[in-house]
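Let's take a walk through this model together. Keep the viewer open, and turn it as we go.

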Amino acid sequence: MPRWLPRAVILVLALIACFQLGSWAFHQLTGLLINVLIAFFLALAVEPAVSRMAARGVRRGLATFLVFLGVFVAGAGFVVLLGSMLAGQIVDMVEGFPRYLDSVIAAINSTFHTKLSRLEIQDSLLHSDWLQKYVQNSATGVLDVSATVLGGLFRLLTVGLFSFYFAADGPRLRRALCSVLPPAKQSEVLRAWEIAVAKTGGYLYSRGLMALVSGLAHYVVFAVLDVPYAPALAVWVGLVSQFIPTIGTYLAGALPMLIAFPASPWYALYVLGFVVIYQQFENYVLQPKLTSRTVDIHPAVAFGSVIAGTALLGAVGALIAIPAVATLQAFLGAYVKRYELTERAAGEEATSSRPRPRLRRGTLPGPR
């Protein structure tokens, strides 16, 4: 047996063991890495405001704290306002539910000549097997729901702490990163950091514009239909539909329908129809225009990046996909060498943009 064979076998086994250990550690730390990634993009989002306050003489830690405090107070106030509104509306809906049920049963009896009774329907539902099974499953799932809520709070706290440290110690973090790199690489890192801050700010700016347009449009509809709490509902639809990816549209449209249902079930259908129509207008007209201008990427690339981000990281990937792709595109654009167009390429571009002449029926184009 050759002398190098035992060492080669040991080396291969050691590499396999290291690969397995690294793969296990990566899968165990995936949640933490995703939280750090979210915190990094949040720190980039608040970087302009923190830097502006720090330039005016405010300590960077205090400026970061004030920015996060303002965001927290605004979010908490909005949640409390909507929570109180929703609780009162649910109470009104529960109190008026028997009346709605009686009207529906009366309409069914008059249309189909049946003899349904609300008391009989309630009794059959209360003594049904599926309701008892549902109650039992809900009772056993209380612990799972509690664990999910506690896990969400812990994740929110983790993201908040990391984003605060990234924003407060941004210059120190950049200096520490650049200190281990040669001077040529240091300029590239700083350029990439500045591009990431600009693109993330542009993305949030575009989302804010779409939230404003969505809120105004839905407020007009809610005011015309005389839906209660129209201003608060318009703010809810604008913010939730834009800043919660994937399911934000459905959450945003469900609450106005719930609020409009006690006034009239038809109003709830009208709200649903407008939400669906406006969503199509936003997806195919408004969002590609604003996103391509503020983040400076093609609408097709923006749409594809959202799909790819959702496939890779779920809702988090959908939220950070566009600023990440815009940052990568702008950074790589500085290293892509462009050439002048040839006469043929320029002629094809001009020909494709020029409107083609229409031919009359029965005629053929002559030779050129």
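## A walk through the helices

Y278 counts as buried, since its relative accessibility is 8%. Keep that residue in mind, as we will come back to it from another side. Please also remember that this is a predicted model.

Let's step back to the whole chain. It has 14 helices and zero strands, so its elements read as α from the N terminus on, as the cut-offs for helices and strands assign them. Of the 368 residues, 27% count as buried. The chain exposes about 25400 Å², and carbon and sulfur atoms supply 70% of that area. Among contacts between residues at least 6 apart in sequence, 64% join residues at least 24 apart.

Now return to Y278 and its helix. Y278 lies in α11 (residues 265–294) together with F274. The two are four residues apart, about one turn of the helix. In an α-helix there are 3.6 residues a turn, so residues three or four places apart point the same way. F274 and Y278 also form an aromatic pair of the stacked kind, with 6.1 Å from centre to centre and 25° between the planes. Their surroundings can be compared with the cut-offs: F274 is partly exposed because its relative accessible area is 24%, while Y278, at 8%, is buried because it falls under 20%.

Which residues does H218 touch, leaving aside those up to four places away in sequence? They are V237, F274, V275 and Y278, so both members of the stacked pair appear in this list. H218 itself is placed in helix α8. With a relative accessible area of 2%, H218 is buried.

Follow α8 along its length next. This helix covers residues 183–224, which makes 42 residues. From its first C-alpha to its last it reaches 62 Å, close to the 62 Å expected at 1.5 Å a residue. Just after α8 comes D226, with a positive phi of about 60°. D226 is a residue other than glycine, and it sits in the loop between α8 and α9. Is D226 buried or exposed? It is exposed, because its relative accessible area of 62% is over 50%.

Beyond that loop lies α9, which spans residues 230–243. At 1.5 Å a residue its 14 residues should span 20 Å, and the end C-alpha atoms are indeed 20 Å apart. How many of the 14 residues of α9 are buried? Ten are, so this helix is mostly covered. Among them are W236, V237, V240 and S241. V237 is the residue that H218 touches from α8.

S241 deserves a closer look. It is buried, with a relative accessible area of 11%. Its side chain reaches the backbone oxygen of V237 at 2.5 Å. Leaving aside residues up to four places away in sequence, S241 touches S214, W236, G248, T249 and A252.

From here you can move on to α10 (residues 248–260), where L251 is found. L251 is partly exposed, because 39% relative accessible area lies between the 20% and 50% limits. L251 and V240 are eleven residues apart in sequence, yet their C-alpha atoms are 7.2 Å apart in space. L251 touches both W236 and V240, again not counting residues up to four places away in sequence.

Let's finish with the aromatic rings and the cysteines. A search of the whole structure finds nine aromatic pairs. One of them joins F164 and Y165 edge-to-face, at 5.9 Å centre to centre and with 70° between the planes. F164 is partly exposed, with a relative accessible area of 23%. Elsewhere, F40, F41, F162, F166 and W193 form one aromatic cluster.

As for the cysteines, a disulfide is a covalent bond between the sulfur atoms of two cysteines. How many disulfides does the structure hold? The number is zero. C18 counts as exposed, at 52% relative accessibility, whereas C178 counts as buried, at 8%.

Key
Residues are numbered from 1 along each chain as its sequence is written. This is a predicted model: local features need pLDDT of at least 70, side-chain atom pairs count only at pLDDT 80 or more; totals for chains, interfaces and linings use all residues. Side-chain values use heavy atoms; hydrogens and water are left out. Buried means under 20% relative accessible area, exposed over 50%, partly exposed in between (1.4 Å probe, protein chains only). A polar contact is a pair of N or O atoms within 3.5 Å; within protein, one must be able to donate a hydrogen and the other to accept it, and residues adjacent in sequence count only if both atoms are side-chain atoms. Contact means heavy atoms within 4.5 Å. A disulfide is a pair of cysteine sulfur atoms within 2.5 Å. The expected span of a helix is 1.5 Å times one less than its number of residues. Rings of Phe, Tyr and Trp (its six-membered ring) pair if their centres lie within 6.5 Å; planes under 30 degrees apart count as stacked, over 60 as edge-to-face and the rest as tilted. Accessible areas come from the Shrake-Rupley method with a 1.4 Å probe; for residues, only the protein chains shown count as cover.
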